[in-house]
Amino acid sequence: MSNDKKRSPTVISVSLKFMPTYDVLHELYPTAFDANNPVPLAVGIRQSIVAAGHKIPSSALNHFLYHWASKPAYRMSIIKGEFRINLDGSKGDDITRQDKDYARKEVDKTYKFFASKATENQKED
């Protein structure tokens with residue numbers, strides 16, 4: 001079994017502090033921001049949101065997008081995907097090999113971190 005199949009998160013768990021921003025974005029752009037079906041977002045999505053004139057505070061938007069894009073489920077969507085999604089749900093740019101490699105590296109780093117924490121916790125028991 002490949003690493004992708006052994007550990008393929010499919011849902012993004014949205015922290016409570018990001019829920020207000022998620023709720024607004026999900027309502028406006030349900031295809032782009034769906035915690036149950038994360039998709040690779042178009043490069044420059046933040047600028048597109050700001051240009052659309054939504055009254056989301058800049059810091060809230062920045063923190064939310066960082067949180068969203070750092071989740072393993074989001075990164076797995078890049079690894080498995082072929083193209084990015086624009087705000088309106090249309091096809092954006094193709095996902096490059098470099099994008100996929102970076103996402104894989106970050107997913108592996110996340111799993112190694114949590115595996116080491118689990119090992120530490122077992123040693124303490």
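Read from the N terminus, the protein chain follows the order α-α-α-α-α-β-β-α, with six helices and two strands in total; helices (H or I, at least four residues) and strands (E, at least two) are DSSP runs, numbered from the N terminus. The model is predicted, and local features require pLDDT of at least 70, side-chain atom pairs count only at pLDDT 80 or more, and totals for chains, interfaces and linings use all residues. Residues are numbered from 1 along each chain as its sequence is written, and side-chain values use heavy atoms, with hydrogens and water left out.

The protein chain exposes about 8000 Å², of which 52% is supplied by carbon and sulfur atoms (Shrake-Rupley method, 1.4 Å probe; for residues, only the protein chains shown count as cover). Of its 125 residues, 34% count as buried, where buried means under 20% relative accessible area, exposed over 50% and partly exposed in between (1.4 Å probe, protein chains only). Among contacts with a separation of 6 or more, 66% are between residues 24 or more positions apart; a contact means heavy atoms within 4.5 Å.

The largest nonpolar core (a set of buried Ala, Val, Leu, Ile, Met, Phe, Trp, Tyr and Cys residues joined through side-chain atoms within 4.5 Å) holds 27 residues, of which Leu-25, Phe-33, Ile-49, Phe-64 and Trp-68 touch the most other members. Two or more residues come from each of helix 2 (19–28), helix 3 (45–51), helix 4 (58–69), helix 5 and helix 6 (97–124). Helix 5 gives the most, with five residues. This helix, spanning residues 72–80, is mostly covered, eight of its nine residues being buried; Tyr-74, Arg-75 and Met-76 are among them. Tyr-74 is also touched by Trp-68, whose other partners beyond four places in sequence include Ile-12, Tyr-22, Phe-33 and Leu-41.

The axes of helix 2 and helix 4 come within 10 Å and cross at roughly 85 degrees; axes are lines fitted to C-alpha atoms, for helices over the stretch in contact, with angles from 0 to 180 degrees between N-to-C directions. Helix 2 is therefore roughly perpendicular to helix 4, a term covering angles of 65 to 115 degrees. Thr-21, Tyr-22 and Leu-25 of helix 2 meet Ala-60, Leu-61, Phe-64 and Trp-68 of helix 4. By class, six of these residues are nonpolar, one is polar and none is charged (Ala, Val, Leu, Ile, Met, Phe, Trp, Tyr, Cys and Pro count as nonpolar, Asp, Glu, Lys and Arg as charged, the others as polar).

Thr-21, in helix 2, is buried, with a relative accessible area of 9%. Beyond its neighbours within four places in sequence, Thr-21 contacts Ile-56, Ala-60 and Phe-64.

How values were computed: Parallel < 35°, antiparallel > 145°, perpendicular 65-115°, else oblique.
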